[in-house]
Amino acid sequence: MIIQKIKIKAFGGLCDYSLSFGEKMNIIEGSNEAGKTTIASFIVYMLYGMDKNEKALRHSWDGSNAGGSMTVVSGGKSYRIERESSQKSDSVSIYDVESGEKVKFEKFF
């Protein structure tokens with residue numbers, strides 16, 4: 001699986017943040033507190049969600065629900081993963097980018 005881009009709606013201290021990745025190795029650099037660890041945590045969140053302890057740490061600092069999307073290439077096809085989490089619930093959906101159709105988890109993973 002290759003990550004093409006992420007769009008953070010709200011996660012930790014980041015809001016309305018987008019980042020595109022190149023086809024090869026990508027390096028994220030920045031000063032302390034620039035959001036490097038938050039970006040890495042967001043990628044993990046998009047794939048696996050968060051447990052209760054992580055929700056307390058990574059939930060949006062402005063009080064809104066954590067969430068965003070990540071576009072990946074897997075098996076030669078592009079997919080968009082969308083996830084949103086509140087303190088009480090989580091929702092995740094996967095879409096085929098080309099057709100816009102929702103994909104069943106079994107086909108993706």
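Two strands pair if DSSP finds at least two bridges between them. The exercises below use that rule on a predicted model.

**Exercise 1. Find the bridge partner of alanine 66 in E4, and say how E3 and E4 run.**

Step 1. Strand E3 covers 66-74, and strand E4 covers residues 77-85.
Step 2. Alanine 66 has serine 85 as its bridge partner in E4.
Step 3. Count the bridges. Nine of them join E3 to E4, and the two strands run antiparallel.
Step 4. Look at the turn. The hairpin of E3 and E4 has two residues between the strands. Glycine 75 takes a positive phi near 60° in this hairpin.

**Exercise 2. Lay out the chain and its sheet: which pattern does the chain follow, and what is the order of the strands?**

Step 1. Count the elements. The chain has three helices and five strands.
Step 2. Read along the sequence. The pattern is β-β-α-α-β-β-β-α.
Step 3. Place the strands. They form an open sheet of five, ordered E2-E1-E3-E4-E5, and the pairing is antiparallel.
Step 4. Find the edges. Strand E2 (14-20) and strand E5 (90-96) each pair on one side only.
Step 5. Add the twist. From one strand to the next it averages 10°.

In general, strands of a sheet pair through backbone hydrogen bonds, either parallel or antiparallel.

**Exercise 3. Work out how the two edge strands are held: how many bridges join E1 to E2, and how many join E4 to E5?**

Step 1. Start with E2. Strand E1 (residues 2-11) pairs with E2 over six bridges, in the antiparallel sense.
Step 2. Name one facing pair. Phenylalanine 11 stands opposite leucine 14 in E2.
Step 3. Turn to E5. Seven bridges join E4 to E5, again with an antiparallel run.
Step 4. Name a pair here too. Tyrosine 79 has aspartate 96 as its bridge partner in E5.
Step 5. Check the turn. E4 and E5 form a hairpin with four residues between them.

**Exercise 4. List the salt bridges: how many does the structure hold?**

Step 1. Recall the principle. Side chains of opposite charge can pair when their charged atoms come close.
Step 2. Apply the cut-off. A side-chain nitrogen of Lys or Arg must lie within 4 Å of a carboxyl oxygen of Asp or Glu. The structure holds three such salt bridges.
Step 3. Take glutamate 84 and lysine 9. Their side chains meet at 3.8 Å, N to O. Glutamate 84 lies in strand E4 and lysine 9 in strand E1, so the pair ties together parts that are 75 residues apart in sequence.
Step 4. Take aspartate 96 and lysine 77. Their side chains meet at 2.6 Å, N to O. Aspartate 96 is in strand E5 and lysine 77 in strand E4, so this salt bridge ties together parts 19 residues apart in sequence.
Step 5. Take glutamate 82 and arginine 80. Their side chains meet at 2.7 Å, N to O.

**Exercise 5. Sort the residues of these salt bridges: is aspartate 96 buried or exposed?**

Step 1. Set the limits. Buried means under 20% relative accessible area, and exposed means over 50%.
Step 2. Aspartate 96 has a relative accessible area of 9%, so aspartate 96 is buried.
Step 3. Its partner lysine 77, at 37%, is partly exposed.
Step 4. Glutamate 84 has 32% and is partly exposed.
Step 5. Glutamate 82, at 29%, is partly exposed. Arginine 80, at 27%, is partly exposed too.

**Exercise 6. Follow phenylalanine 11 into the core: what kind of pair do the rings of phenylalanine 11 and phenylalanine 42 make?**

Step 1. Count the aromatic pairs. There are three.
Step 2. Check the geometry. The ring centres of phenylalanine 11 and phenylalanine 42 are 5.4 Å apart and the planes stand at 75°, so the pair is edge-to-face.
Step 3. Place the two rings. Phenylalanine 11 is in strand E1 and phenylalanine 42 in helix H1 (residues 36-48), 31 residues apart. Both residues are buried.
Step 4. Widen the view. Phe11, Phe42 and Tyr45 form one aromatic cluster. The charged end of arginine 83 sits over the ring of tyrosine 45, 5.6 Å from its centre.
Step 5. Reach the core. The largest nonpolar core has 18 residues, and Ile6, Phe11, Phe42, Tyr45 and Met70 touch the most other members. E1, H1, E3 and E4 each give two or more residues. H1 gives the largest share, five residues.

Key. Residues numbered from 1 in each chain as written. Predicted model: local features only at pLDDT ≥ 70, side-chain atom pairs only at ≥ 80, totals over all residues. Heavy atoms only, no water. Axes fitted to C-alpha atoms, helices over the stretch in contact; angles between N-to-C directions. Buried < 20%, exposed > 50% of the residue type's maximum accessible area, 1.4 Å probe, protein only. Phe/Tyr/Trp six-rings, centres within 6.5 Å; stacked < 30°, edge-to-face > 60°. Lys NZ or Arg CZ within 6 Å of the ring centre and 35° of its normal. Core = buried A, V, L, I, M, F, W, Y, C linked by side-chain atoms within 4.5 Å.
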